[in-house]
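Reader: Please take one part of this model and go through it closely, with the geometry and the ring contacts around it.

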Amino acid sequence: MKIVNDSIEFVTTLGTQIKVPLADLLFVEANGKFINCHYYKGDESKKKVINASLKTFNALIENNPQFYKVHKSYIVNCMNVHDYGDYPEYFLKIPAPDHQYVVPISRERKLEFHNHYRRLLGKLGLKKHKF
């Protein structure tokens, strides 16, 4: 697994190599020794099981403010969070062309995520991120 330009390259558990633009990555979910990578491609959402741990993925993207670990089992792409409300929220809504995902936020990370998300939007000059 590696980041090349603005994309991330993965090897699935079936041995297939895929390349996903970081902007299209919705979120990553822990699945034992593997991770489920949720992303969209064209008009549909995709899910691939990747031969890597969430810890490995987190180490790869930890310096990218676009991604945030909201729960021990989830890392989200903040740019794909749909209309995150006011603090305190317990779930994030992440839309995809054919589905809307709901991702939990841990109690310990709610305030930290709220502040991170607002700072990120401020840097982009947005008040609320809507699609």
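Author: Contact here means heavy atoms within 4.5 Å, and angles run from 0 to 180 degrees between N-to-C directions. In this predicted model, helix 2 (residues 110-124) lies across strand 7 and strand 8, at about 160° to strand 7. The part to look at is strand 7.

Strand 7 belongs to an open sheet of 5 strands, ordered 6-5-4-8-7 and paired antiparallel. Strand 7 (67-71) and strand 6 (44-50) are the edges; each has a single partner strand, so one side of each lacks a neighbour in the sheet. From one strand to the next the twist averages 20°. The partner of strand 7 is strand 8 (residues 74-77), joined to it antiparallel by 4 bridges. Phe67 has Asn77 in strand 8 as its bridge partner.

Helix 1 (residues 54-61) also lies across strand 7, together with strand 4 (25-31), strand 5 (34-41) and strand 8, and runs at about 35° to strand 8.

Aromatic side chains link strand 7 to both helices. The structure holds 6 aromatic pairs. In one of them, the ring centres of Phe57 and Phe67 are 6.3 Å apart with planes at 85°, an angle over 60 degrees, so the pair is edge-to-face. Phe57 sits in helix 1 and Phe67 in strand 7, so this pair ties together parts 10 residues apart in sequence. Phe57 is buried at 0% relative accessibility, and Phe67 is buried at 6%. In another pair, Tyr68 and Phe113 have ring centres 5.4 Å apart and planes at 55°, so the pair is tilted. Tyr68 is in strand 7 and Phe113 in helix 2, 45 residues apart. Tyr68 counts as buried at 11% relative accessibility, and Phe113 is buried at 0%. Ring pairs also join Phe10 to Phe57 and Phe67 in a cluster.

Terms used:
Residues numbered from 1 in each chain as written. Predicted model: local features only at pLDDT ≥ 70, side-chain atom pairs only at ≥ 80, totals over all residues. Heavy atoms only, no water. Pairing = 2+ DSSP bridges. Helix = DSSP H or I, 4+ residues; strand = E, 2+ residues; numbered from the N terminus. Phe/Tyr/Trp six-rings, centres within 6.5 Å; stacked < 30°, edge-to-face > 60°. Buried < 20%, exposed > 50% of the residue type's maximum accessible area, 1.4 Å probe, protein only.
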